[in-house]
Amino acid sequence: MRVFSNTAVSVDGKIATREGGHAAFGSPEDRRVMGLLRAHADAVLVGGRTFRAWPLPLVEAGPSRRPRRMVNAVLTRTGVGPRAGRFFEHPRILPVILGGPEADLDGFPAGVAIHRCPVAPTVAWACDVLERAHRVRTLLVEGGGDLVFQFLDAGLLQDLYVTVCPRIVGGAGASTLADGKGFPPETARRLRLMSARRLGSELFLHYRVLA
Ligand SMILES: NC(=O)c1ccc[n+]([C@@H]2O[C@H](COP(=O)([O-])OP(=O)(O)OC[C@H]3O[C@@H](n4cnc5c(N)ncnc54)[C@H](OP(=O)(O)O)[C@@H]3O)[C@@H](O)[C@H]2O)c1
């Protein structure tokens, strides 16, 4: 499976403020690029905290040319929270909930695909389910930092698209592009810059993860 991520970060590497929740750092161009990247994916995957901050469909802009609905998947240990709203009703997406053994996975509307892992889920398990059950060949990970770190740690993330936004957010504990337990210096992941584009004070970067 091809897996790539897309994240808008402040110059100090944050993807959210210390309060958490949804904060849009990017410009209209960042949102346009996000739509283009989504158009290249069969599925978008987010972690439970990102979903709760923005429980909305994640689709490309404009008319869809895909032959089937786009998978919008959420990985959760506890259960995602909301059971109603546009995410669960949007005609262009197939909502998929990927839960751990303790997750509350009851009460979702008909048409939501639910998968429970009998043991603590890994991102490899999530990829496997998406590939086998939903024919996902190209996966876009839209964060947050907890999830992106696990993909890097598992060696499953091939490309990162990063928009560096002209903001300083600060706040110890505010989510960053990759959080988790972190890598020791000797295994900190190495990247190759594939492309860079500047528009105004914003930078659009594409990095490939080196083996
Ligand atoms: N600027 C951007 O581009 C951008 C992009 C994405 C997100 N964000 C922001 O980032 C913040 C959230 O990021 P975050 O790093 O705190 O959290 P996150 O990665 O979005 O979500 C973490 C949650 O994902 C679930 N999860 C992660 N790994 C799991 C596993 N192996 N098995 C089962 N469930 C797993 C758990 O959900 P449960 O808690 O449901 O159990 C966990 O609490 C939000 O404020 C969001 O708005 C910003």
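So, secondary structure: the protein chain in this predicted model comes to 4 helices and 9 strands. If you read along the sequence, the pattern goes β-α-β-α-β-β-β-α-β-α-β-β-β.

Overall dimensions next. Put a box around the C-alpha atoms along the principal axes and you get roughly 45 × 40 × 35 Å. The radius of gyration is 17 Å, and because a compact globule with 211 residues would come out near 17 Å, the two agree. Buried residues are 36% of the 211. And for those of you who like contact maps: take the contacts with a separation of 6 or more, and 71% of them are between residues 24 or more positions apart.

Okay, the strands. I'll start with β1, residues 2–10. Is β1 mostly covered or mostly open? Covered: 8 of its 9 residues are buried. β1 pairs in the parallel sense with β6 over 4 bridges, and there you can find F4 standing opposite L140. β1 also pairs with β7, again parallel, this time over 7 bridges. Look for A8 there, whose bridge partner in β7 is T163.

Hang on to T163, since that residue takes us along to the next pairing: T163 also stands opposite F204 in β9. β7 and β9 are antiparallel, with 6 bridges between them. From β9 we step to β8, residues 191–199, joined to β9 by 8 bridges and also antiparallel. One bridge pair to click on is S195 with H206. β8 and β9 form a hairpin with 2 residues between the strands, and in that hairpin G200 takes a positive phi near 60°.

Now the core. As a reminder, in soluble globular proteins nonpolar side chains tend to be buried together. Here the largest nonpolar core has 48 residues, and the ones with the most contacts inside it are A43, L45, A73, L130, L139 and V141. Which elements feed it? At least two residues each come from β1, β2, β3, β4, α3, β6, α4 and β7. Take L130 as an example: setting aside neighbours within four places in sequence, L130 is in contact with A43, V71, A73, V136 and L139.

On to the ligand. There are 32 residues around it, and the closest are G47, G48, T50, G143 and G144. The elements that give two or more residues to that shell are β1, β2, α2, β3 and α4. If you're thinking about electrostatics, the shell divides into 11 nonpolar, 16 polar and 5 charged residues.

Two of those closest residues have a backbone feature you'd want to check before setting up a calculation. What is the peptide bond from G143 to G144? It's cis, with omega near 5°. G144 lies in the loop between β6 and α4.

That loop leads to α4, residues 145–153. α4 is mostly covered, with 7 of its 9 residues buried: G145, L147, V148, F149, Q150, F151 and L152. What do those pack against? Quite a list: β1, β2, β3, α3, β6 and β9. After α4 comes G155, with a positive phi near 70°.

Last, a couple of loop residues. R135 is in the loop between α3 and β6. Its phi is near 55°, a positive value in a residue other than glycine. Is R135 buried or exposed? R135 counts as exposed, because there are just 11 C-beta neighbours inside 10 Å, and the cut-off for exposed is 12 or fewer.

The other one is E60, in the loop between α2 and β3. With 19 other C-beta atoms within 10 Å, E60 is partly exposed; buried would take 20 or more. The C-alpha atoms of E60 and L36 are separated by 6.4 Å, with the two residues 24 apart along the chain. Beyond the neighbours within four places in sequence, E60 is in contact with G35, R38 and A39.

If you open the model afterwards, I'd start at that cis bond from G143 to G144, then follow α4 and its buried residues. Okay, that's my lot.

Conventions: Residues are numbered from 1 along each chain as its sequence is written. This is a predicted model: local features need pLDDT of at least 70, side-chain atom pairs count only at pLDDT 80 or more; totals for chains, interfaces and linings use all residues. A residue is near a molecule or strand if its C-beta atom, placed from the backbone, lies within 6 Å of it. Ala, Val, Leu, Ile, Met, Phe, Trp, Tyr, Cys and Pro count as nonpolar, Asp, Glu, Lys and Arg as charged, and the others, Gly among them, as polar. Two residues are in contact if their C-beta atoms, placed from the backbone, lie within 7 Å. A nonpolar core is a set of buried Ala, Val, Leu, Ile, Met, Phe, Trp, Tyr and Cys residues joined through C-beta atoms within 7 Å. The radius of gyration is taken over C-alpha atoms; the globule rule is 2.2 Å times the number of residues to the power 0.38. Two strands pair if DSSP finds at least two bridges between them.
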